[in-house]
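Q: Hi! I've just opened this one and could use a friendly tour. Could you walk me through it?

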Amino acid sequence: MIQINGKVRNYILVGISAGIIVGCLFAVKLYGRDTWVIVSLTIALLMFGSSVDNILEHFSIKESIEAKKQLEIEMKDERNSFIREKAGSKTNLYMLYLNTAITLILSFMGVELWMICLFGFLILAQGILSISLYNYYDNRY
Amino acid sequence: MESKLSIRGDTSLKNRLEMLRKQKGIKQEELAEALEVSRQTIGSLENGRYNPSIILAFKIARYFNTTIEEIFIYEEGNNDTN
């Protein structure tokens, strides 16, 4: 079996996903916005984004052992973990405000009710998830 | 030379990390490497901007062959909000 390293695999995935994206765009012109075209396009875009992200990560990480060791230290560093958690928590809070603001704006714009309900559900889901995770970690630690 | 970090406004945590490091004649980078943390963490600890975890506090104490209490000083009833 042929062994492909991560870097090459990412380049192959970028190529394949780019091909699928172009194919889907042609398919949209030919068949319209069929469900299978939209689903394929979404999967291809996700694959493309993820592969490009991995390639950029490869470029940003130097291959030397010292750099890898330093990166490992930076990742494990407790202050960095604390900063990541704090940034994530603040992001979550601001996203809640943003979602609420968008929902309000949409409701004033006369958007269909199901769309407002969808955004409302997102806010509700965020709240439920937050409480559930709080309880989970409260029991765990 | 003591760095001070306010925990809740009426309590604070001082540390003598910078003094101990300088006494030992090592750089922040060297201490960071020995403790397996980033240099920025050492800088923040010395400036009193960051409180270490209990594990890191033990690591620091062991590195300097001393106790946690000798490095970190917890103070209560201080109204100075730094």
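**A first look around**

A: Happy to! Let's begin with one small detail: K22(B) and E18(B) are about one helical turn from each other, because they sit 4 residues apart in helix α1 of chain B. Keep in mind that this is a predicted model.

Q: What do the side chains of K22(B) and E18(B) form where they meet?

A: They form a salt bridge, at 3.0 Å from N to O.

Q: Is E18(B) buried or exposed?

A: E18(B) is buried, because its relative accessible area is 16%, below the 20% cut-off. K22(B) has 48% relative accessibility, so K22(B) counts as partly exposed.

Q: How many salt bridges are there over all chains?

A: The count comes to 5 over all chains. One of them joins E72(A) and K76(A), with 3.2 Å from N to O.

Q: Where do E72(A) and K76(A) lie?

A: Both are in helix α3 of chain A, which covers residues 65-76. They are 4 residues apart, about one turn of the helix. That spacing has a general background: an α-helix has 3.6 residues a turn, so residues three or four places apart point the same way.

Q: And how open are those two to the outside?

A: E72(A) is partly exposed at 45% relative accessible area, while K76(A) is exposed at 63%.

Q: Which residue does K14(B) form a salt bridge with?

A: Its partner is E75(B), and the closest N and O atoms are 3.1 Å apart. K14(B) belongs to strand β2 (residues 11-15) of chain B and E75(B) to strand β3 (residues 72-76) of chain B, so this pair ties together parts that are 61 residues apart in sequence.

Q: Is K14(B) buried or exposed?

A: K14(B) counts as buried, at 18% relative accessibility. E75(B) counts as partly exposed, at 24%.

Q: Let's zoom out. How many helices and strands are in chain B?

A: Chain B has 5 helices and 3 strands. Along the sequence, the pattern reads β-β-α-α-α-α-α-β.

Q: What share of chain B counts as buried?

A: Of its 82 residues, 49% count as buried. As for contacts in chain B between residues at least 6 apart in sequence, 56% join residues at least 24 apart.

Q: Which residues of helix α2 in chain B are buried?

A: Q28(B), L31(B), A32(B) and L35(B) are buried in that helix, which spans residues 28-35. They lie on the same side of α2(B), because they cover an arc of only 100 degrees around the axis.

Q: What do the buried residues of α2(B) pack against?

A: They pack against three helices of chain B: α1 (17-24), α3 (39-47) and α4 (54-63). After α2(B) comes E36(B), which has a positive phi, near 60 degrees.

Q: New topic: aromatic rings. How many aromatic pairs are there over all chains?

A: There are 5 aromatic pairs over all chains. Among them is the stacked pair of Y137(A) and Y141(A), at 6.1 Å centre to centre with 10 degrees between the planes. Y137(A) is partly exposed at 41% relative accessibility, and Y141(A) is exposed at 71%.

Q: Which residues form one aromatic cluster?

A: Y136(A), Y137(A) and Y141(A) form one.

Q: Anything with rings over in chain B?

A: Yes, Y63(B) and F64(B) make an edge-to-face pair, 5.1 Å centre to centre and 90 degrees between the planes. Y63(B) is partly exposed at 24% relative accessible area, and F64(B) is buried at 12%.

Q: What sits over the ring of Y63(B)?

A: The charged end of K24(B) does, 5.0 Å from the ring's centre.

Q: Last one: where do the chains touch, and how many residues does the contact take from each?

A: The contact takes 7 residues from chain A and 12 residues from chain B. I73(A), E78(A) and R79(A) supply 67% of the area that chain A buries against chain B, more than any other three residues.

Q: What is the area buried between chain A and chain B?

A: It is about 770 Å², with carbon and sulfur atoms giving 49% of that area.

Q: How many salt bridges are found across the interface of chain A and chain B?

A: The number there is 0.

Notes
Residues numbered from 1 in each chain as written. Chains lettered and ligands numbered in written order. Predicted model: local features only at pLDDT ≥ 70, side-chain atom pairs only at ≥ 80, totals over all residues. Heavy atoms only, no water. Phe/Tyr/Trp six-rings, centres within 6.5 Å; stacked < 30°, edge-to-face > 60°. Buried < 20%, exposed > 50% of the residue type's maximum accessible area, 1.4 Å probe, protein only. Lys NZ or Arg CZ within 6 Å of the ring centre and 35° of its normal. Helix = DSSP H or I, 4+ residues; strand = E, 2+ residues; numbered from the N terminus. Arc of directions from axis to C-beta. Contact = heavy atoms within 4.5 Å. Buried area = accessible area lost by both parts, 1.4 Å probe. Salt bridge = Lys/Arg side-chain N within 4 Å of Asp/Glu carboxyl O.
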